[in-house]
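Reader: I would like to go through this model with you and ask, for each label you attach to a residue or an element, what the label rests on.

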Amino acid sequence: RHLDRLMLGRGHLVKLMIPLLAGTEDEDGQRAATMDYQDCLAEVSHEDSESFNELQDYLRDMEAHLGPERMNVLTEQLKDCAHAVDEANDITQHVRPKDNLKLELEVIWDVHQCQTDDFLLIRLLQTIGGKPTVLSYWSVPQFKERLELMHEAYDVFHKKGSWEPEVCRDPWHE
């Protein structure tokens, strides 16, 4: 149907536009016509995110201390980050499958901290011999920069069939 959206994996959004039907949208259709990738991603259920689901018990404990308003802000931040971490793990598995790397979303907090912006960290783990080792911790802004580099690595990987890291442009290297 006109204005239907289809997400392909985590990296692509296709929106069906039928020119003969343009301008005939009802209110919902007008909203759909202006939706971008982030709007569509927000519609994806966070229950589908492995990164988000791993934190559920911890979040229930935090809710009592934070209160509903701050918890809602944190939950929205978590949803956004969890999908990005899941995407980064998908890319990592394609580009570097033999390195046994995994990114995890971590929640850290101080009961006296007022801002939820600093509650989230992303850690990079490498599992060798069944034992995971932390390689790096990144703030959310640092992780978002690295995710952009992961996108570039993924593009090169698909064009050439392989990807060789440059130390200064390797998103997995500290």
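Reader: Why is Asp170 called buried?

Author: In this predicted model, Asp170 has a relative accessible area of 8%, and buried means under 20%, so Asp170 falls within that class. The residue is placed in the segment after α6 (140-160).

Reader: Which residues does Asp170 touch, leaving aside those up to four places away in sequence?

Author: With those set aside, Asp170 touches Arg96, Arg146, Trp163 and Pro165, where contact means heavy atoms within 4.5 Å.

Reader: What makes the approach of the Asp170 side chain to the backbone nitrogen of Trp172 a polar contact?

Author: The side chain of Asp170 reaches that backbone nitrogen of Trp172 at 2.9 Å, and the cut-off for a pair of N or O atoms is 3.5 Å, so the distance satisfies the criterion.

Reader: Why is Glu63 called partly exposed rather than buried or exposed?

Author: The relative accessible area of Glu63 is 43%; since buried means under 20% and exposed over 50%, with partly exposed in between, Glu63 belongs to the class in between. This residue lies in helix α4, which covers residues 56-66, and its C-alpha is 10.0 Å from that of Thr75, a residue twelve positions apart from Glu63 in sequence.

Reader: How do you know that β3 and β4 are paired, and in which sense do they run?

Author: Two strands pair if there are at least two bridges between them, and strand β3 (residues 101-107) is joined to strand β4 (residues 120-128) by seven bridges, in the antiparallel sense, so the criterion is met. Within this pairing, Leu103 has Leu124 of β4 as its bridge partner.

Reader: What joins β4 to β5?

Author: Strand β5 (residues 131-139) runs antiparallel to β4, with eight bridges between them, and the requirement of at least two is therefore satisfied. Leu124 stands opposite Ser136 in β5, while Arg123 has Tyr137 as its bridge partner in that strand. The two strands form a hairpin with two residues between them, and Gly129 in the turn has a positive phi of about 60°.

Reader: Why are β3 and β5 described as standing at the edges?

Author: The three strands form an open sheet in the order β3-β4-β5, with antiparallel pairing. Each of β3 and β5 has a single partner strand, so one side of each is left without a neighbour in the sheet. Neighbouring strands of this sheet are turned by 30° against each other on average, direction ignored.

Reader: Which helices lie against these strands?

Author: Helix α5 (residues 68-95) lies across β3 and β4 and runs at about 170° to β3. Helix α6 packs on the sheet, where it touches β3, β4 and β5, and its direction makes about 105° with that of β5.

Reader: How many helices and strands does the whole chain have, and what share of its residues counts as buried?

Author: The protein chain has six helices and five strands, which follow the pattern β-β-α-α-α-α-α-β-β-β-α along the sequence. Of its 174 residues, 33% count as buried, and the accessible surface comes to about 11100 Å², with 52% belonging to carbon and sulfur atoms.

Terms used:
Residues numbered from 1 in each chain as written. Predicted model: local features only at pLDDT ≥ 70, side-chain atom pairs only at ≥ 80, totals over all residues. Heavy atoms only, no water. Helix = DSSP H or I, 4+ residues; strand = E, 2+ residues; numbered from the N terminus. Buried < 20%, exposed > 50% of the residue type's maximum accessible area, 1.4 Å probe, protein only. Polar contact = N/O pair within 3.5 Å; in protein donor to acceptor, adjacent residues only side chain to side chain. Areas by Shrake-Rupley, 256 points an atom, 1.4 Å probe, with all protein chains shown as cover. Axes fitted to C-alpha atoms, helices over the stretch in contact; angles between N-to-C directions.
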